[in-house]
Amino acid sequence: MQIEYISAFDVVVGVLWRFWPVWVALVLLMGASFTYKKKLGLYGQLFDSGVGIAGVGICLFWLFTAIFASTISPFDPLAQVSIMKDALPGAVEPTTKLIYYFGGDKLARDVFSRMVYGSQIVLIIAPAATGFALMVGITLGLPAGYYGGKIDTILSFLANLVLAFPVILLFYLLVTPGIMDTPIPYAMAGLFFLFPIIFFSVLFWTRFKNRPDRLYILLGLTLVIGGWIYVGLVFDKDPLRIVHIDPNQLNIFVAVVFASSPGVFRIVRGLTMDIKTRDYVAAAQTRGESPWYIMLWEILPNARGPLIVDACLRIGYTTILLGTLGYFGLGLAPESPDWGTAIKDASRLLRSFIHPALPPTIALMSFVLGLNLLADSLREQSMKD
Amino acid sequence: MLSFILRRLGTMALTMLCLTLIVFFLINLNPNLKKLAISQTEMHTSAEQLEDWLVNHGYRQNFFARYGQWLGLLPKQPATDPATGKPMQRFSFCNDPTEPTFSGVLQGDFGCSTKFKTTVASKLFPALGATGLLMFWVLAVMVPISLLIGILAGMREGSRTDRTLSVASIASTATPEYVSGVIFTVIFASWLGWLNGSAASASQGLTFYNFTLPVMTLAIYGTGYIARMTRASMVEVMTQQYIRTARLKGLSFGSVVVKHALRNALIAPFTVIMLQFPWLLTGVVIVEVMFRYQGFGYTLVEAAGNNDIDLLLGCSLVSVFIVLITQLISDVGYAFLNPRIRVQ
């Protein structure tokens, strides 16, 4: 059977048209942000520079793509339509008359739909892993910088130990099918996922310990929600069956958190050492505040600027790491639509077909670029103050 | 200064000991050993035979005893012939001794590669040489270009050159090797046909045709980062009092930049370039796999994929050593270059 093709112009128009929910959401949100930018603080200031607008725009574009993935993509990312094997961009699928906008890959799946669904995987794992790495880094970095001494020596030694591992070696050791038979990933998950609960409990305890009415509500909420997610993620025993993660995804998640939390630790430690010499810290010490109150409510808020910038860069870096994992076929399922796996599959066949390779590469690059632009403009804005 | 270096070397040795212990532990996890036994014995062996093979070849000894043997603190035991009960070579292709000998890393014996059927040293060191060549060309391309971009951008902060070059360097830091590699291959190998998309032939002889793509791919990710650090350092130097004085006494802008600003602005990038090595190592692995260049990264992937315990340990040792030694050089070099910093 002969496959029909549509013209290049139709492909461009068609792709832009498929993204319609994204454009609508983008226009609404960007318009609203632009109108009220004076009232929006740091986020509003981003709209003062071209770089900032570009950064926010690209990041939001991929965010909305991930949210509306099922509406945007014409096909199921795993569905194989055998006649469309290695079809060129713009091929019309004979039965449904829908179009393979970016062609088909070697397993006859729609490259466009896979790219769109790939954004979901990246936008769930990368920010979440960065969030956990931030929690671990902050909870350990604050006391290391504030107390110094033995705690600092030990924690810094451990952080340098992890940082001295080349990332790729770490992944080859930690993300293997064999390691999931051992308790190591679960033990590490159990350790890392404890940090957010500790962090928020201490945060509320130090602030409200003299106001039991607020304290008990906040602590109770932290422990219930945190404990529920903890049980779901680490033991996969969520009683309500809502929180669930595949063992191999947990493995990746833990490895990524493990690889990036020492970096956060170093930054937080450095910032704490700098800020603890300020007058307001001395004032709090004179008032008799507890060390953890000073760390969490005096030092941490004043370190937020560099931390936000670092978080943006780090999400981008985590995206690159996920791509690396996919590229080496570590952890993620072989048919998973994430960008790294797609790049790996396509780059083996570059000599014969180039069209399956370009969409995931450009997607990954543009998302990381957006995050870097965002971080750059955040840095510029926070330096102005 | 000497005591500082000595103390750092001590920490380095401790770090390497801890890291090799961790790597040793992770490689020798039971599932990995099982896979090794399956790949080393004939097809369709029963579970007991696999277990026998592991016991025979000493993989079931106490963990710390095995680590000591690998280090060279304890004598390495030969395997026992299951038929006769006499000692035999563990791996005949490595010419292992038949009596217990002290032969570990400390004695210069890195062990035996089960995948390549040869000693680790004879596989690892040629591969390192090949990667060294790649690294040399990458640095030769990356360092001058990134310093030039950084200086041009930081010379006049906020100018149009600065904006353009800054966005370009941000874009380059957003392109990991597996992305730029694919894009460059598509452009230069598939469309234009100027360059070779595979560097497999580079082992026989380097040519512009087969080696440009790997070098370009590896250089581009680091370039942006070094350029941005250079720019930041240059911007800071250009606001200093002595630059203003030099301008006010009537020197031309060009000569102020070259004679007064440049030397001070290059201190920070030196550290950054040195600390790029851990990143370059990951890049080397990706690029060597992508372009099929038989170097260190390729060896590491082969070793990891085939549970080649000794080879992977050797690779980890080398890469951890490179990371730590570059950190040391960057610290010492920084103290030398910057007269304001004196190490206690």
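Q: How do you know what share of the contacts in chain B between residues at least 6 apart in sequence join residues at least 24 apart?
A: In this predicted model, two residues are in contact if their C-beta atoms lie within 7 Å. Among the contacts of chain B that link residues at least 6 apart in sequence, 68% join residues at least 24 apart. For chain A the corresponding share is 72%.

Q: What makes up the secondary structure of chain B?
A: Chain B has 14 helices and 4 strands. Chain A, for its part, has 17 helices and 2 strands.

Q: Why is chain A called as compact as a globular protein of that length?
A: The globule rule gives 21 Å for 385 residues, and the radius of gyration of chain A is 24 Å; the two values are close, so chain A is described as compact in that sense. Its C-alpha trace spans about 85 × 55 × 40 Å along the principal axes. Buried residues account for 43% of the 385 residues in chain A.

Q: What is the radius of gyration of chain B, set against that of a compact globule of 344 residues?
A: Chain B has a radius of gyration of 25 Å, whereas a compact globule of 344 residues would have one near 20 Å. Taken along the principal axes, the C-alpha atoms of chain B fill a box of roughly 90 × 60 × 30 Å. Of the 344 residues in chain B, 40% are buried.

Q: Why are α12(B) and α14(B) called roughly antiparallel?
A: These two helices pack at an angle of about 150°, with their axes 9 Å apart. Angles over 145 degrees count as roughly antiparallel, and α12(B) is therefore roughly antiparallel to α14(B). The contact brings B:Phe277, B:Pro278 and B:Leu281 of α12(B) to B:Ser319, B:Ile322, B:Val323 and B:Thr326 of α14(B). By class, the residues of this contact are 5 nonpolar, 2 polar and no charged.

Q: What makes α5(B) and α6(B) oblique to each other?
A: The axes of α5 (residues 120–155) of chain B and α6(B) come within 8 Å and cross at roughly 140°. Roughly antiparallel requires an angle over 145 degrees, and roughly perpendicular covers 65 to 115 degrees. The crossing angle of roughly 140° belongs to neither class, so α5(B) and α6(B) are oblique to each other. The crossing is left-handed. On the α5(B) side the contact is made by B:Ile149, B:Leu152 and B:Ala153, and on the α6(B) side by B:Thr161, B:Asp162, B:Leu165, B:Ser166 and B:Ser169. These residues divide into 4 nonpolar, 3 polar and 1 charged.

Q: Why is B:Asn307 called buried?
A: A residue is buried if 20 or more other C-beta atoms lie within 10 Å of its own. B:Asn307 has 24 such neighbours, so B:Asn307 counts as buried. B:Asn307 is found in the loop between α13 and α14 (309–337) of chain B. Its phi is near 55°, a positive value in a residue other than glycine. Most residues other than glycine have a negative phi.

Q: Why is B:Arg292 called partly exposed?
A: The partly exposed class lies between 12 or fewer neighbours, which is exposed, and 20 or more, which is buried. B:Arg292 has 15 other C-beta atoms within 10 Å and is therefore partly exposed. B:Arg292 lies in the loop between α12 (277–290) and α13 (296–305) of chain B. B:Arg292 also has a positive phi, of about 55°, although it is not a glycine.

Q: How do you know whether A:Ala284 counts as buried, exposed or partly exposed?
A: A:Ala284 has 18 C-beta neighbours inside 10 Å, so A:Ala284 counts as partly exposed. This residue is part of helix α13 (residues 279–287) of chain A. Leaving aside neighbours within four places in sequence, A:Ala284 is in contact with A:Glu289, A:Ile294 and A:Glu298. A:Ala284 and A:Glu4 are 280 residues apart in sequence and 73 Å apart in space, C-alpha to C-alpha.

Q: What makes up the side of chain B that touches chain A?
A: In total, 37 residues of chain B are in contact with 34 residues of chain A. The elements of chain B that give two or more residues to this side include α1 (2–27), α2 (30–40) and α6 (160–173). The most comes from α7(B), with 7 residues. The residues on this side of chain B divide into 26 nonpolar, 10 polar and 1 charged.

Key
Residues numbered from 1 in each chain as written. Chains lettered and ligands numbered in written order. Predicted model: local features only at pLDDT ≥ 70, side-chain atom pairs only at ≥ 80, totals over all residues. Nonpolar A, V, L, I, M, F, W, Y, C, P; charged D, E, K, R; others polar. Rg over C-alpha atoms; globule rule 2.2 N^0.38 Å. Axes fitted to C-alpha atoms, helices over the stretch in contact; angles between N-to-C directions. Parallel < 35°, antiparallel > 145°, perpendicular 65-115°, else oblique. Left-handed = near helix turned anticlockwise from the far one by under 90°.
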